[in-house]
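Please look over the model below before reading the points. They deal with the symmetry of the chains and with one domain interface.

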Number of protein chains: 2
Amino acid sequence: MHLFYDTAITEETVHHQMNENESRHICKVLRLKDGDLIGIQNGNGLLATAKITDANQKRCAISIVSKETEVAPSYSIHIAICPTKMNERMEWFVEKTTELGVTEITFLLSKNSERKAIKMERFESIAISAMKQSKRLFLPKINPLVKVDQFVKDHPNGFIAHCYDGEKKSLMTTFDNCSPILIGPEGDFTLDESDLAKINGYQEITLGNNRLRTETAGLYACMQALMRVK
Amino acid sequence: MHLFYDTAITEETVHHQMNENESRHICKVLRLKDGDLIGIQNGNGLLATAKITDANQKRCAISIVSKETEVAPSYSIHIAICPTKMNERMEWFVEKTTELGVTEITFLLSKNSERKAIKMERFESIAISAMKQSKRLFLPKINPLVKVDQFVKDHPNGFIAHCYDGEKKSLMTTFDNCSPILIGPEGDFTLDESDLAKINGYQEITLGNNRLRTETAGLYACMQALMRVK
């Protein structure tokens, strides 16, 4: 069954009209007809099975046949990461963490960041594909670039992975089910940024003795946090 | 310091002549001169610091200045995986597992495999780069394609991840420090392959309730095994 994403679908929805883009995809690209079944996810715990009632290429109408819901997990895995110079490394980071079940991703701007702009739409579309592919019912929230200094003030008491000396522990023993995990850029956070995080209650974490690429560090931290909460 | 890979360097090496390819890279591309220092890894636990004694573009001569060695880990993480249709997904699997510390990778040919040929040189070159980048001293062994049936007979008593029903456990509680972990193709192993693995002593493992892409499953299994042994 083909899966579509539409945030307008709720537990109350009975009839619905798909937007023009999805209507074109359903009726023109996939050539689905009246009576055919499709799946619609709202990215917030709901998967509806729907029957096409009017296979219109601009305004495809559907009726909900059945619904499956899932309760949101009790934990939140929030990875705040400095985007890498090579954009495709961040794209796969978004794909993989979505497959595994990340809750929220924030892109950080460090003074050491080489990349200072990102394409949010591209990341969102990758996350939607990965959600469908992995049969997840929750779409991670993806937040636009914010400066490290601002982020640690707005979200105190998280975890920070950096390469400076420090009292570091593993997420496997310290992760608390909800606090953000900060992953630095290719050249690491600046010392000032790392100090400001600590002043704002951040605990220093280690991801092992080897030098991991930014995106590998982010994925590894996400997996460790998930194993801790599950 | 620029890092090079040369399996001929051993604990006994004092003087050495780099091969033509590396000599060209050292002297022509990087324009290093007599007296400059380079690092040479042998992929088997040794990192030598060497001084260039004759910056010849075809036969660059070096003298070893110092050596750093590392004992091989007591565990072995051997992932046997069916290559994905899209080759770049396997390339990043090799890069990421090398960064994290995989010991051995075998490519498997399942009756359900869409990809039936791989380029070994490309994977080896990616593993060498990832080894250098992550400052590891051991290069994973990468084995060419072998049929699933043959592999489970030659390597009995491993672990197999598949989507059929079964008595499945997590690697976090069952991994034994050395047995191979089998990851199937996009369409899963055939039932016959899965049964043959079980006859040969394979334990069935779960990687969670969500549908992971082949390369994500392989990486996740590698990370779980690593966390179990460390």
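The notes below take the two chains and then the two domains of chain A.

1. This is a predicted model: local features need pLDDT of at least 70, side-chain atom pairs count only at pLDDT 80 or more, and totals for chains, interfaces and linings use all residues. Residues are numbered from 1 along each chain as its sequence is written, chains are lettered from A and ligands numbered from 1 in the order in which they are written, and side-chain values use heavy atoms, with hydrogens and water left out.

2. A turn of 180° and a shift of 0.0 Å along the axis lay chain B on chain A with an RMSD of 0.0 Å (least squares on C-alpha atoms of residues with pLDDT of at least 70 in both). That is the relation of a two-fold axis. In chain B, B:Met223 comes closest to the rotation axis, its C-alpha lying at 4.0 Å.

3. Chain A has domain 1 (3-69) and domain 2 (78-229), with bounds from an automatic or database domain assignment. Their centres, taken over C-alpha atoms, are 34 Å apart.

4. About 770 Å² is buried between domain 1 and domain 2 of chain A, 65% of it from carbon and sulfur atoms (accessible area, 1.4 Å probe, lost on being put together, summed over both parts). A:Tyr5, A:Gln41 and A:Gly43 supply 57% of the area that domain 1 of chain A buries there, more than any other three residues.

5. Between these domains of chain A the salt bridge count is zero (side-chain nitrogen of Lys or Arg within 4 Å of a carboxyl oxygen of Asp or Glu).

Key:
Buried area = accessible area lost by both parts, 1.4 Å probe.
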